[in-house]
Amino acid sequence: MGGPTGTKRKLAAYLSLFLLLCVFSLVAGKLAPHDAEFVDLAAAKQAPGGAYPLGTDGLGRCIWSRILAGASSSIFASLVIVVISLVVGCAVGIVSGYAGGVIDEIVMRVVDVFLAFPGIVLSIAVAGMLGPGLKNGVLALAATGWTQYARLTRSYVLSLRQENYVRAARLNGQTGLSILIRHILPNAIRPVAVTGTLHLSGAMLGISGLSFLGLSSSSAEWGSMLSEGRSLMQQCPWAVLYPALAIFLVTILFNLLGDSVRDVLDPSGAENTLKD
Amino acid sequence: MTEPVLDVRNVTKTFRERGGRRLRALDGVSLTVSAGECVGVVGESGCGKSTLARVITRLILPDSGSVRFCGTEMTELRGGKLRSAYRNMKMIFQEPRSSFDPRLNIGTSIREALRPVVRGKKEQDEQIARLLLSVGLEERFADAYPGQMSGGECQRAAIARAIAQRPKLLICDEATSALDVSVQAQVVELLDQIRRETGISFLFISHDLALVSSFCDRVYVLCGGRVAEHGATLRVIREPREEYTKRLIGSVLTM
């Protein structure tokens, strides 16, 4: 178990950066020099510098303050998306894989229907039905994210059921439920954890994409900042540049974290690091 | 005459392959194992040996036929009754490492087998140490993980786990074929010793006729899902009646 110390050290570094970012996002709103929602038309479209370190947008709102205020919603929304998808998807996958037969068949066809559409298209449709708002955006993305966990968990449950140690446990007289909890789940959890961390960056982009389209949060959120700044890109490019940079950096960090989690937990997949 | 420990009668199992072709893995196989007896099943790969083991352990249900184990019909058992029948039946697998959960140390794996028969953590610990010693492993192996042990050590531990519940029948499915020759001999010797001390019946499934002949009282020769020949081991090897058996013995000798 575990890779060479190098990969573990890398994971520790990314993990502490990630935790730092989470803590930071919680307090970031309070560090903002200005009120993120305060409109000051006299100070509109100001270039970075002076009282506004990253400039102001078309309504004179401080971009630095808005990025800080948006951090918690952007980062936490993606965490919540991953957690909901993971829990729901794993539960569905376990039931499907363990029950087998008709139940498995029905569940997997439902999953196939979900997978037949590109995820973001389905999320846009769901978000459109639910109406705008961060909560609905999260639900919309979780509604499409769970399928990958369901498929993954199911396939692991199916293959682990055939393992000799599971057969040995059956011959010990253990019940199906105890075998599931003691032998199958713990051995399936690693690939699920890897998928979860890799999913973080996708969820982050998803929530930004939905807010960019006006389907998620309308307050300070990185995606919606991009959307609003877009029309003024020629006059004040910083209104687009800095939120985009924030999304970019956090997504990269999530991706690197996901990769190093995989390298440590599941070394066989390491050669795919740069392929995605 | 007392009832045999295992009485397999006329078991048939057909698998449907991809493309709708039918593969008859077992075709009217009958076999008995009496108390304290060691019965071998030999045959080349693909002859239905493993399917037979899976049917006996009720991992799969046969299409027809009966599997009576200690007087109960295995094919009709469900739930709790099946679990208590399993208590008297254990299996040793071909791949020693794969028969242990990679996340659990050997002691924990053996404890799982002991839980239904021994109460109390201290009693279980003592029993684990005793079991490990009885298969020639030191006590410290209780803390080892399957990945840290050699194939032979793992197989010994698997035997320790298998005898933990004092079963009546031990099924060895190619239990020694993944081990190298000297370890193979040691493991067979260990099985023989257990057999003499405990009186457990053995069903020894193997492709290795030489190994079976040194260990088993009677032998069944399986060919294409049918029993080609059966009888006392020495008789079958010295005076094979069937063409297939002769060829099987011939292939061992020419090697």
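Buried area is the accessible area that two parts lose on being put together, summed over both. Keep that in mind as you click through this predicted model, since two of the stops below use it.

**Stop 1: both chains together**

Start with everything on screen. The model scores ipTM 0.83 and pTM 0.74. Now colour by pLDDT, the predictor's confidence in each residue, from 0 to 100. Chain A averages 83, and 94% of its residues score at least 70. Select residues 269-276 of chain A: here the pLDDT is below 50, and beyond near neighbours in sequence the stretch has seven contacts in the model. Where pLDDT is low, the predicted coordinates should not be read in detail. Over in chain B, the average is 85, with 98% of the residues at 70 or above.

**Stop 2: chain A by itself**

Hide chain B and switch to cartoon view. How many helices and strands are there in chain A? You should find nine helices and zero strands. Walk along from the N terminus and every element you pass is α. Rotate the chain a bit, too: along its principal axes, the C-alpha trace spans about 80 × 45 × 30 Å.

**Stop 3: where the chains meet**

Bring chain B back and select the residues in contact across the two chains. You'll pick up 15 residues from chain A and 27 residues from chain B. Together, the two chains bury about 1,900 Å² between them, and 51% of that is on carbon and sulfur atoms. On the chain A side, click on Arg167(A), Leu171(A) and Asn172(A): these lose the most area to chain B, together 36% of what that side buries.

What about polar contacts across this interface? Eleven residue pairs turn up, with both residues at pLDDT 80 or more. To see which parts of chain A are involved in touching chain B, highlight helix H6 (164-171) and helix H7 (176-212); each supplies at least two residues to that side. H6(A) gives the largest share, six residues. Colour the touching side of chain A by class and you get four nonpolar, seven polar and four charged residues.

**Stop 4: a salt bridge between the chains**

How many salt bridges are there between chain A and chain B? The count is one. Zoom in on Arg182(A) and Glu112(B), whose side chains meet at 2.3 Å, N to O. This pair crosses from helix H7 of chain A to helix H3 (residues 106-114) of chain B. Side chains of opposite charge can pair when their charged atoms come close. Zoom back out and search the whole structure, and 24 salt bridges appear over all chains.

**Stop 5: the two domains of chain B**

Now hide chain A and give the domains of chain B two colours. Domain 1 covers 1-88 + 168-255, while domain 2 covers 97-166. So that you know what to type: domain 1 needs both of its ranges in the selection. Draw a line between the domain centres, taken over C-alpha atoms, and its length is 25 Å.

Next, select the contact between them. Domain 1 of chain B brings 14 residues and domain 2 of chain B brings 13. The area buried here is about 1,000 Å², with carbon and sulfur atoms giving 68%. Look for salt bridges between these domains and you'll find zero, though two residue pairs are in polar contact, both residues at pLDDT 80 or more.

Which helix gives the most to the side of domain 1 that touches domain 2? Select helix H6 (residues 181-198) of chain B, which gives seven residues. By class, that side of domain 1 has nine nonpolar, three polar and two charged residues.

Technical notes. Residues are numbered from 1 along each chain as its sequence is written. Chains are lettered from A and ligands numbered from 1 in the order in which they are written. Side-chain values use heavy atoms; hydrogens and water are left out. Contact means heavy atoms within 4.5 Å. Buried area is the accessible area (1.4 Å probe) that two parts lose on being put together, summed over both. A salt bridge is a side-chain nitrogen of Lys or Arg within 4 Å of a carboxyl oxygen of Asp or Glu. A polar contact is a pair of N or O atoms within 3.5 Å; within protein, one must be able to donate a hydrogen and the other to accept it, and residues adjacent in sequence count only if both atoms are side-chain atoms. Helices (H or I, at least four residues) and strands (E, at least two) are DSSP runs, numbered from the N terminus. Ala, Val, Leu, Ile, Met, Phe, Trp, Tyr, Cys and Pro count as nonpolar, Asp, Glu, Lys and Arg as charged, and the others, Gly among them, as polar. Domain bounds come from an automatic or database domain assignment.
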